[in-house]
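Reader: Please take me through this model and show how its features are read.

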Amino acid sequence: MPAKPPEDAGAPKPPPKPCPVCGKPADAATLPFCSKRCRDVDLNRWLSGHYVIPGRPTDPEDAE
Ligand SMILES: [Zn+2]
């Protein structure tokens with residue numbers, strides 16, 4: 001008889017994390033986002049300065 005292991009015998013894949021933009025399951029091609037569109041949305045947020053790192057004052061000497 002053919003020795004074919006069941007496909008579910010390996011390590012279980014972790015469930016896809018939800019897209020941080022819209023909450024849909026992320027796509028492997030555009031991780032961690034669900035689509036290029038959401039990736040662009042997130043990028044625009046960064047460029048717009050919506051994301052701020054708290055507790056880190058702006059210090060010119062700290063710039064790398
Ligand atoms: Zn999304």
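**The metal site**

Author: The zinc ion is held by four sulfur donors, Cys19 (SG), Cys22 (SG), Cys34 (SG) and Cys38 (SG), at 2.3 to 2.4 Å. Donors are N, O and S atoms within 2.8 Å of the metal (3.2 Å for Na, K and Ca); water is not among the atoms, so sites may look incomplete. This is a predicted model: local features need pLDDT of at least 70, side-chain atom pairs count only at pLDDT 80 or more, and totals for chains, interfaces and linings use all residues. Residues are numbered from 1 along each chain as its sequence is written, and side-chain values use heavy atoms, leaving out hydrogens and water.

Reader: What is the geometry of the site of the zinc ion?

Author: Ideal angles are 109.5 degrees for four tetrahedral donors. Four donors count as tetrahedral if all angles lie between 85 and 135 degrees. Here the angles among the four donor atoms are 100 to 119°, and the site is tetrahedral.

Reader: Which spacing do the donors of the zinc ion follow along the chain?

Author: The spacing is C-x2-C-x11-C-x3-C. Cys22, in the segment before helix H1 (36–48), and Cys38, in helix H1, lie 16 residues apart and link distant parts of the chain. Helices (H or I, at least four residues) and strands (E, at least two) are DSSP runs, numbered from the N terminus. The protein chain has one helix and zero strands.

Reader: Is Cys38 buried or exposed?

Author: Buried means under 20% relative accessible area, exposed over 50%, partly exposed in between (1.4 Å probe, protein chains only). Cys38 is buried, at 6%, whereas Cys22 is partly exposed, at 39%. Of the 64 residues of the protein chain, 11% are buried.

Definitions and conventions. Four donors count as tetrahedral if all angles lie between 85 and 135 degrees; four count as square planar and six as octahedral if opposite donors are over 155 degrees apart and all others between 65 and 115; anything else is irregular.
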